[in-house]
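These are my notebook entries on one protein chain. I set out to look up its charged side-chain pairs and then one of its strands.

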Amino acid sequence: MRYGISIPNFGAWAEPRTMVELARDAEAAGWDGFFLWDHIRFSSTPLPVQDPWVLMAAIAAETERIVLGPMVTPLPRRRPWVVARQAVSLDHLSNGRVLLGVGIGEPADIEFGAFGEATDRRARAEMLDEALAIIAGLWSGEEFSFSGTHYRLEPMRFLPRPVQRPRIPIIVAGYLPNPGPIRRAARWDGMYPLGQE
């Protein structure tokens, strides 16, 4: 069994240097993983928030062994090709220590609706599935194109490929006992189960 820490990127945890120090301390103490939440705004109350991808890059540069990644990146509010590029860059910087946690994103009204983005759960689930197909296709290093309901990509090749083979592991978050996230997780590399909201 392995053990990891999952830390929010907002509020009291929004100080970048403190986060990097905490990751170094976790590695020194023998923890196996260090995962950051991915929020733009977590509540309607104003809180300081830091970008998890910038924090993870700093952590990757300051650690040697610990696995790191977002837990959970809400793919429907991020461009999948940008996440593909960020994750591969982080995978190379960390020498293959990245795990990509994904989900539809919550709370929908604060993280999506407040910015004029889709809040419908079904639409966000469709976007998540399409985004995962795009990310895996781009990580292949082969020519890839995509035409879906939410995204379109003309034929292209993304390089470099991830350090990890066949790709960076993908862990899907979801509320239990909802069947959709369970089915989605079965297609990828595991599940980050959440209690009912």
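The entries below follow the order in which I looked things up.

**Entry 1: the model.** I note at the outset that I am working with a predicted model.

**Entry 2: salt bridges in total.** I asked how many salt bridges the structure holds. I found eleven salt bridges, and I looked up several of them one by one.

**Entry 3: R78 and D51.** I looked up the salt bridge between R78 and D51, whose closest N and O atoms lie 3.8 Å apart. This pair links distant parts of the chain, with the two positions 27 residues apart in sequence numbering. I located R78 in the loop between β4 (73-74) and α3 (80-93), and D51 in the loop between β2 (33-36) and α2 (52-62). I then asked whether R78 is buried or exposed. R78 has 16% relative accessibility and therefore counts as buried, since the cut-off for buried is under 20%. D51, at 33%, counts as partly exposed.

**Entry 4: E111 and R77.** Next I looked up E111, which forms a salt bridge with R77. Their closest N and O atoms are 2.9 Å apart. I recorded that E111 is buried and that R77 is buried as well.

**Entry 5: R167 and D189.** I turned to the salt bridge of R167 with D189, and I noted 2.5 Å between the closest N and O atoms. R167 is in the loop between β7 (152-156) and β8 (170-175), while D189 is in the loop between α6 (179-187) and β9 (191-194), so the pair ties together parts that are 22 residues apart in sequence. R167 has a relative accessible area of 19% and is therefore buried. D189 has 38% relative accessibility, so I entered D189 as partly exposed.

**Entry 6: a network.** I asked which residues are joined into one network by salt bridges that share partners. The residues are D38, D51, R77, R78 and E111.

**Entry 7: strand β6.** I then looked up strand β6, residues 144-147, and asked which residues make up its covered face. F144 and F146 form the covered face, whereas S145 and S147 form the uncovered one.

**Entry 8: the partner of β6.** I found that β6 pairs with β7 in the antiparallel sense, over three bridges. A hairpin of four residues joins β6 to β7. Within this pairing, I noted that S147 stands opposite R152 in β7.

Terms used. Residues are numbered from 1 along each chain as its sequence is written. This is a predicted model: local features need pLDDT of at least 70, side-chain atom pairs count only at pLDDT 80 or more; totals for chains, interfaces and linings use all residues. Side-chain values use heavy atoms; hydrogens and water are left out. A salt bridge is a side-chain nitrogen of Lys or Arg within 4 Å of a carboxyl oxygen of Asp or Glu. Buried means under 20% relative accessible area, exposed over 50%, partly exposed in between (1.4 Å probe, protein chains only). Two strands pair if DSSP finds at least two bridges between them.
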